[in-house]
Amino acid sequence: MSEADRPQSQPPARPFSWQSTLWQQLLRLRADQRLPHALLLTGPAGCGKARFAEALAQLMLCQRDETYPCGECKSCLLMSQGTHPDLVMVTPVERGKAIRVDQIRGLSDFIGSAAQQGGYRVVVITPADEMNVNAANALLKGLEEPGRDTLFILQSDRPGRVMPTIRSRCQQYTLGLPPFDAALDWLQQQPDCGDSAERLLRLSGGAPLRALSMARHGELARREERFQLLEQLLRRQVSAPVIAARWAKEDALEGLDWLASVTSDLIRLRIGALAPTMIRNQDALGLLEKLANLTANEKLFEFKDKIQDYRVHLMRRNNPNQQLLWEDLLIGWRALFSGQRQRPE
Ligand SMILES: [Zn+2]
């Protein structure tokens, strides 16, 4: 079958160039038949773990013994169509929700039966820190008594949140961020980044996949709008409830992370003696420098704690009212810079 005859199929995944050391290491382990039956891939968000996991899963199932999945054998063709019977990808059913116990229990038949294509069976769990306790406990059994030729590939940005009993049954490998120039080189070749590649990469803390995702979601324009609103709030040109109504419709965790990074930058600026490149929100440096002079360290630390409390609340899926969450934070934001005036003369 030629490439042109497979319009809906995906080309085989390959690890990124900056991941080749670990790739080679795992290839050697596989050649020596010493590959662990469960891997936990860790590393910062946006460093390319998902691609690495996908490429490794495909390699394990590929019927040719090559350095990368061939893309041509029967297994690779099944994978390209997303229908390989010996590969299971487990992710939360809904973004931001936990991996549920029934999703993991559903694996036991899969693990207990023979591979249909006669090779490995591979389970990829993304992100492993999003399994709830019951799901993690259900997975333990599979990890303790893996069938023959079964490989579990777990991945997580936050391995500290993966249950210790799960972690201890996996061999952990850390994927780092690429060198800045390598990441920039890759990013500039992506159709969605164009001239903004360097700016996006700095904003993403050097994580190229995160930078690409930002580009694809129109993040730069949204950031500009958000900073403008924060400034207009301080000038009392717009009210907290109006901004809150707008932000309540967006991804709350992502918004909280952004506000936390802005607050951290203000703290960094106040502490001083840092290279300007240490400031995460480079695109708002002028505003942040101005604001850093109008507040106090302890207020910033308190505000950061408040953001963190809301974050924990959200992560526990308590579903706080997001309109109220943002109103509270925006009023808190305004108070950061108004202390001097409120103090009696
Ligand atoms: Zn193949």
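Q: What makes the contact between Lys141 and Glu145 a salt bridge?
A: In this predicted model, the side chains of Lys141 and Glu145 come together with a nitrogen-to-oxygen distance of 3.3 Å. A salt bridge requires a side-chain nitrogen of Lys or Arg within 4 Å of a carboxyl oxygen of Asp or Glu, and the pair therefore counts as one. By this rule the count comes to 27 salt bridges.

Q: Why are Lys141 and Glu145 called exposed?
A: The relative accessibility of Lys141 is 52%, and that of Glu145 is 53%. Exposed means over 50%, so both residues receive that label.

Q: How do you know that Glu144 and Arg169 form a salt bridge, and which parts of the chain does the pair tie together?
A: The closest N and O atoms of Glu144 and Arg169 are 2.8 Å apart, and the limit is 4 Å, so the pair meets the rule. Glu144 belongs to helix H6 (residues 133–144), while Arg169 sits in the loop between helix H7 (164–167) and strand S5 (171–174), so the pair ties together parts that are 25 residues apart in sequence.

Q: Are Glu144 and Arg169 buried, exposed or partly exposed, and what makes them so?
A: Glu144 has a relative accessible area of 44% and Arg169 one of 29%. Buried means under 20% and exposed over 50%, with partly exposed in between, so both Glu144 and Arg169 are partly exposed.

Q: What makes Asp283 and Arg223 a salt bridge, and where do the two residues lie?
A: Their side chains meet at 2.8 Å, N to O, which satisfies the limit of 4 Å. The pair links distant parts of the chain, 60 residues apart, with Asp283 in the loop between helix H13 (252–271) and helix H14 (285–292) and Arg223 in helix H11 (residues 219–234).

Q: Why do Asp283 and Arg223 carry the labels they do for accessibility?
A: At 29% relative accessibility, Asp283 falls between the two cut-offs of 20% and 50% and is therefore partly exposed. Arg223, at 5%, is under 20% and so counts as buried.

Q: Which residues are linked in a network of salt bridges?
A: The network joins Glu219, Arg222, Arg226, Glu250 and Glu254.

Q: How do you know which atoms are the protein donors of the zinc ion?
A: The SG atoms of Cys62, Cys70, Cys73 and Cys76 lie 2.3 to 2.4 Å from the zinc ion, and a sulfur atom counts as a donor within 2.8 Å, so these four qualify. Along the chain the donors follow the spacing C-x7-C-x2-C-x2-C, and both Cys70 and Cys73 are buried.

Q: Why is the arrangement around the zinc ion called tetrahedral?
A: The 4 donor atoms subtend angles of 105 to 116°. Four donors count as tetrahedral if all angles lie between 85 and 135 degrees, so the arrangement meets the condition. The ideal angle for four tetrahedral donors is 109.5 degrees.

Q: What makes Pro69 buried, and where does Pro69 lie?
A: The relative accessibility of Pro69 is 5%, which is under the cut-off of 20%, so the residue counts as buried. Pro69 lies in the loop between helix H2 (49–61) and helix H3 (74–80). Leaving aside neighbours within four places in sequence, its contacts include Trp23 and two of the zinc donors, Cys62 and Cys76.

Conventions
Residues numbered from 1 in each chain as written. Predicted model: local features only at pLDDT ≥ 70, side-chain atom pairs only at ≥ 80, totals over all residues. Heavy atoms only, no water. Buried < 20%, exposed > 50% of the residue type's maximum accessible area, 1.4 Å probe, protein only. Helix = DSSP H or I, 4+ residues; strand = E, 2+ residues; numbered from the N terminus. Donors = N, O, S within 2.8 Å, 3.2 Å for Na, K, Ca; no water. Tetrahedral: all angles 85-135°; square planar, octahedral: opposite > 155°, others 65-115°. Contact = heavy atoms within 4.5 Å.
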